Amino acid sequence: MQLTNRSKQVSNKEMTLAEKMYLPAITKGLGITLKHFFLKKATKPYPDVKTYLGPVFRGHHVLKRDEQGRERCTACGLCAVACPAEAISMVAAERTKGQETLYREEKYAAVYEINMLRCIFCGLCEEACPKQAIYLRHDRFVPVFSDRDEVIYGKDKLVEKSDDRYVRTNPNVQVTPTEPSLSRSVS
Amino acid sequence: MEDNKPQLVKVTVDGIEVEVEPGTTILQAARKIGPEVAPPAMCYYQPLKGSGGKCRACLVKVAAGSAKDPRPMPKLVASCITPVQDGMVVENTTSPQVLEARKGVVEFLLINHPLDCPVCDQAGECDLQNFAFEHGAAKTRYEEERRTFDKHDLGPYIQLHMTRCILCYRCVFTADQITNKRVHGVMNRGDHAEISTYIEKAIDNDFSGNVIDVCPVGALTDKTYRFKNRVWFSRPVDAHRDCPTCSGKVTLWYRGEEVIRVTARKNEWNEVNEFICNTCRFETKKTSDWVIEGPTKIARSSVITANKYRADTIKPDFVSRLAAANYKPIDDTRDTSQLSIQQLPPERFASSN
């Protein structure tokens, strides 16, 4: 009884001389090898080429600056209270005269620390932020650490650099009522 | 003897009947029932004489004026200043008209109130924040410039942030109550109305710090606490000390082992129980100054309870509570003797040899 039509008829006939010397099999194998020279590669040379992780990937945290390069974070603590892993801590300070170009609001985060061992990359801080200051980058991972001292990320690692601005456009995200003039995407 | 006893009057708030003394306001009668039916109050403050009737947050509908005259009152009334009558029927949250009116009140209060809660020190214990969260609309329709003022220092300890003020007059009544002279009041009219001390005269009374506690918003804030911490990161602890000027019963707000703020104790309506003096409030900020009584009780819904754990509180297990709630006794008279594991006769077992 035939169950499928994929069954192969096997024969017990004598092999030819060429077949005994594996010539057709070797040619066939070499053909497959040759074919793969021209096929698209399945792997990527990682540090040079990075996979696009999608627009909603949650990776490395970034503390945004606004259009004029001032820090958006006002140390309101909503990210820290929203954080289920309690990874975020901060110390607020009052902006003094002359610092208007550095900080957007009259209060700013003098210390802002995220414990990356605790962080579970859930993105609740980003959702809680009323000033649209903290984002989880969709294009960058938090690198592996080899030392416990590297685990707590301070403002030096989190605040975005002026020459390396982070941009993400997501039309599904609505603006918060406290910031009616801002759109989520910063160009 | 019986004639001296005041006749109790019956009031119905949201379908719940309560007996109160004549002269009680609707708000007090509703508070007697419980926080579920009590109308919100932004300007009314029980310890302050004369407060109330300004913010219109506590508007309720009176469906029947009294037992003698059961006609409804034509307009919504401010429950904090309207005394009850026998047989009065009050609708608070059961009336859609009241809910709609409150939404409007929130919108009016927020017209000139800056939306700077992320910066404001009062956030988390702000009456206006709670009121807007519970009764207001989710979005603002206001597009015009908001009224702004410069920040003022009222003495060395208190900062007046007039931009945030909603003109509830609580601090004015407090100042009137603690001093004989008028030192603190409202200047100008209408949109320009402004809480102010008389010609920049600082309040130097021993009890001046209480205006911080009575302020429902972040207009009057503690300068020694300015931007120190958010309230939900600090841990409130009841404490007392021997104070020659006040009762000395306070709440200490801890960050780690450090006292970062001292406030008066508040009851469940967010009103201070006893006013405390400036020495207690601003100058004694060491644990050694105080006798600790224990953690302050905070409402479970408050953000102040966030991320605080107590080892000694045992929560009833959700699963067992659910099982207990769903338990139904079953009348099962069937013979269950065959259902248990039967002891087999010894000949059924193969002999080990």
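In this predicted model, chain A holds an open sheet of 3 strands, arranged in the order β2-β3-β5 with antiparallel pairing. The edges of this sheet are formed by β2 and β5 (152-153) of chain A, each of which pairs on one side only. Strand β3 of chain A, residues 107-115, is joined to β5(A) by 2 bridges, and the two run antiparallel. A good place to look along this pairing is Ile114(A), which stands opposite Tyr153(A) in β5(A).

Strand β2 of chain A also matters for the meeting of the two chains. Here 15 residues of chain A are in contact with 13 residues of chain B. On the chain A side, the largest share, 3 residues, is supplied by strand β2 (residues 88-94) of chain A. Sorted by class, this side of chain A consists of 6 nonpolar, 3 polar and 6 charged residues.

Turning to chain B as a whole, its secondary structure amounts to 7 helices and 14 strands. The radius of gyration of chain B is 28 Å, well over the 20 Å that the globule rule gives for 353 residues, so chain B is more spread out than a compact globule. The C-alpha trace of chain B spans about 110 × 60 × 60 Å along its principal axes. Of the 353 residues in chain B, 35% are buried. Among the contacts in chain B with a separation of 6 or more, 62% link residues 24 or more positions apart.

The domain assignment divides chain B into domain 1 (9-109), domain 2 (144-227) and domain 3 (229-309). Between the C-alpha centres of domain 1 and domain 3 of chain B the distance is 31 Å. These two domains do touch: 5 residues of domain 1 of chain B are in contact with 4 residues of domain 3 of chain B. On the domain 1 side, the touching residues comprise 3 nonpolar, 1 polar and 1 charged.

Within chain B, the strands at the start of domain 1 repay a closer look. Strand β1 of chain B (residues 9-13) pairs with strand β2 of chain B (residues 16-20) in the antiparallel sense, over 5 bridges. Two facing pairs can be picked out here: Val11(B) stands opposite Val18(B) in β2(B), and Val13(B) stands opposite Ile16(B) in β2(B). The hairpin made by β1(B) and β2(B) has 2 residues between the strands, and Asp14(B) takes a positive phi near 50°. Strand β1(B) also pairs with strand β5 (residues 88-91) of chain B, this time in the parallel sense and over 3 bridges. In that pairing, Thr12(B) has Val89(B) of β5(B) as its bridge partner.

The side chains of β1(B) alternate in a pleasingly clear way. In a regular strand, side chains alternate between the two faces of the sheet. Along β1(B), Val9(B), Val11(B) and Val13(B) point to one face and are buried, whereas Lys10(B) and Thr12(B) point to the other and are not buried.

Helix α1 of chain B (residues 26-33) has 6 of its 8 residues buried, so this helix is largely enclosed by the rest of the structure. The buried residues of α1(B) are Ile26(B), Leu27(B), Gln28(B), Ala29(B), Ala30(B) and Arg31(B). Their packing partners are β1, β2, β3 (59-64) and β5 of chain B. Strands β1(B) and β5(B), already met as a parallel pair, are thus both among the elements against which the buried residues of α1(B) pack. Just after the helix, Gly34(B) takes a positive phi of about 150°.

Finally, the nonpolar interior can be described. In soluble globular proteins, nonpolar side chains tend to be buried together. The largest nonpolar core here has 73 residues, of which Met42(B) and Cys58(B) touch the most other members. Leaving aside residues up to four places away in sequence, Met42(B) touches Cys55(B), Ala57(B), Asp127(B), Leu128(B), Phe131(B), Ile166(B), Cys168(B) and Pro216(B). Another core, of 26 residues, lies apart from the largest one, and its members include Leu78(A), Ala80(A), Cys83(A) and Tyr135(A).

Technical notes:
Residues numbered from 1 in each chain as written. Chains lettered and ligands numbered in written order. Predicted model: local features only at pLDDT ≥ 70, side-chain atom pairs only at ≥ 80, totals over all residues. Contact = placed C-beta atoms within 7 Å. Helix = DSSP H or I, 4+ residues; strand = E, 2+ residues; numbered from the N terminus. Nonpolar A, V, L, I, M, F, W, Y, C, P; charged D, E, K, R; others polar. Pairing = 2+ DSSP bridges. Core = buried A, V, L, I, M, F, W, Y, C linked by C-beta atoms within 7 Å. Buried ≥ 20, exposed ≤ 12 C-beta atoms within 10 Å, placed from the backbone. Rg over C-alpha atoms; globule rule 2.2 N^0.38 Å. Domains from an automatic or database assignment.
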